[in-house]
Amino acid sequence: MDLIRRPRRLRSNEVIRKMVRENHVRVEDLIYPMFIMPGENKAVEVPSMPGVYNYSLDEFAKALDEVVKLGIPAVLLFGIPEHKDSTGTGAYIENGIVQEAVRIAKQKYPELYVITDVCLCEYTDHGHCGIIKDGEILNDQTLELLAKTAVSQAKAGADMVAPSDMMDGRVAAIRKALDKEDFSHIPIMAYSAKFASGYYGPFREAAGSTPQFGDRRTYQMDPPNANEAMLETALDVEEGADIIIVKPALAYGDITYRTKQRFGLPVAAYNVSAEYAMVKAAAQKGWIDEERIVMESLVSMKRAGADLIITYHALDAAKWLSK
Ligand code: PBG
Ligand code: ZN
């Protein structure tokens with residue numbers, strides 16, 4: 001056969017495969033989400049997320065040792081407050097659980113980049129991401145509380161804030177409030193294309209944030225919509241978002257790709273809780289090769305255009321990358 005093009009020539013051994021490899025997952029790309037709860041001496045494993053824990057503050061401080069040792073540059077913090085109420089007060093009080101966690105993390109590891117989730121659902125007794133009147137989630141009244149939350153986190157020392165609520169206008173509201181309080185240097189990583197997804201189930205178990213009535217479809221996006229994701233992102237970019245999150249990651253690679261192509265800003269893919277849970281469950285049954293599956297999934301996010309990857313697999317991935 002006189003074939004001129006033989007792509008297999010560049011696949012013949014691992015040396016040449018490595019040389020022509022187009023995409024790489026680096027430890028610098030990883031952001032590790034962590035859950036902080038009240039109490040002492042507690043590390044409670046999330047039943048549907050083996051290897052992921054709800055930490056009390058002291059245990060959180062200890063858990064950071066491994067994160068830092070592995071070279072993971074950033075954590076994304078979620079809080080489970082002592083008390084929940086209708087307006088999510090725990091999200092924006094000075095000594096809220098996340099604010100305390102930020103102080104501890106920055107004191108122990110000043111170089112660790114600490115990102116905070118800005119939302120109300122972990123702090124409201126009804127489990128919605130905004131405040132409620134007559135069964136409706138109020139948009140503009142919620143913005144004020146989100147802005148307050150972001151400012152209180154910045155005051156505690158957060159390096160970056162990440163609003164995940166999907167209210168209209170929140171990036172602008174947060175930007176304005178941060179700037180007014182002399183936090184114009186704090187970037188916003190916006191969950192711009194966040195879909196109303198079944199893949200958040202295990203997270204809600206971890207954070208105790210399942211909506212007590214209805215669902216999140218009036219604010220999170222409808223899964224079949226891609227053009228609308230471009231609209232949401234365009235608005236967030238206009239309002240001042242510095243980094244764009246696409247969430248979930250695996251079923252939405254097309255959105256990551258389009259977002260990167262169209263806006264060029266740094267993009268973060270959020271490899272969400274059920275994506276993690278499914279891999280863990282199958283691995284525990286011995287049905288899949290966990291390392292192979294995880295690394296293949298993570299590199300798919302890079303191939304789609306993600307710069308950063310938010311993943312519960314971060315500790316494992318960092319270990320695998322360094323061997
Ligand atoms: C809260 C929030 C959620 C996630 C991140 N921030 C849950 C939700 O919107 O219900 C999901 C993360 C995951 O599933 O890993 N606004
Ligand atoms: Zn929320």
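For sorting a ligand shell, Ala, Val, Leu, Ile, Met, Phe, Trp, Tyr, Cys and Pro count as nonpolar, Asp, Glu, Lys and Arg as charged, and the others, Gly among them, as polar. The exercises below use this sorting on a predicted model.

**Exercise 1.** Describe the surroundings of ligand 1, beginning with its shell and ending with its burial.

*Solution.* Begin with the shell of 19 residues around ligand 1, in which Lys194, Arg204, Lys247, Ser273 and Tyr312 come nearest. Sorted by class, the shell residues divide into 10 nonpolar, three polar and six charged. Next, turn to the polar contacts, for which the cut-off is a pair of N or O atoms within 3.5 Å. A polar side-chain atom of Arg204 lies 2.6 Å from an oxygen atom of ligand 1, an N or O atom in the side chain of Ser273 is 2.7 Å from an oxygen atom of the ligand, and for the side chain of Gln220 the corresponding distance is 2.8 Å. Taken alone, ligand 1 exposes 400 Å², and the protein buries 100% of that area. Finally, the space that ligand 1 takes is the largest cavity.

**Exercise 2.** Locate the salt bridge of Lys302 and state which parts of the chain it links.

*Solution.* The structure holds 18 salt bridges, and in one of them Lys302 pairs with Asp29, with the closest N and O atoms 3.0 Å apart. Placing the partners, Lys302 belongs to helix α10 (residues 290–304), whereas Asp29 lies in the loop between α1 (14–19) and β1 (30–36). The pair therefore links distant parts of the chain, its residues being 273 apart.

**Exercise 3.** Examine the backbone at Pro248 and at Asn41.

*Solution.* The peptide bond from Lys247 to Pro248 is cis, with omega near -10 degrees, and Pro248 is found in the loop between β10 (243–247) and α8 (253–263). Lys247 also belongs to the residues that come nearest to ligand 1. Asn41, in turn, has a positive phi of about 60 degrees although it is not a glycine, and it lies in the loop between β1 and β2 (43–46).

How values were computed
Residues are numbered from 1 along each chain as its sequence is written. Chains are lettered from A and ligands numbered from 1 in the order in which they are written. This is a predicted model: local features need pLDDT of at least 70, side-chain atom pairs count only at pLDDT 80 or more; totals for chains, interfaces and linings use all residues. Side-chain values use heavy atoms; hydrogens and water are left out. A residue is near a molecule or strand if one of its heavy atoms lies within 4 Å of it. A polar contact is a pair of N or O atoms within 3.5 Å; within protein, one must be able to donate a hydrogen and the other to accept it, and residues adjacent in sequence count only if both atoms are side-chain atoms. Accessible areas come from the Shrake-Rupley method with a 1.4 Å probe; for residues, only the protein chains shown count as cover. On a 1 Å grid over the protein atoms alone, a cavity is a set of points where a 1.4 Å probe fits but cannot get out, and a pocket is an open set with protein on both sides within 12 Å along at least five of seven lines; lining residues have an atom within 4 Å of a point. A molecule sits in a cavity or pocket if more than half of its atoms lie within 2 Å of its grid points. A salt bridge is a side-chain nitrogen of Lys or Arg within 4 Å of a carboxyl oxygen of Asp or Glu. Helices (H or I, at least four residues) and strands (E, at least two) are DSSP runs, numbered from the N terminus.
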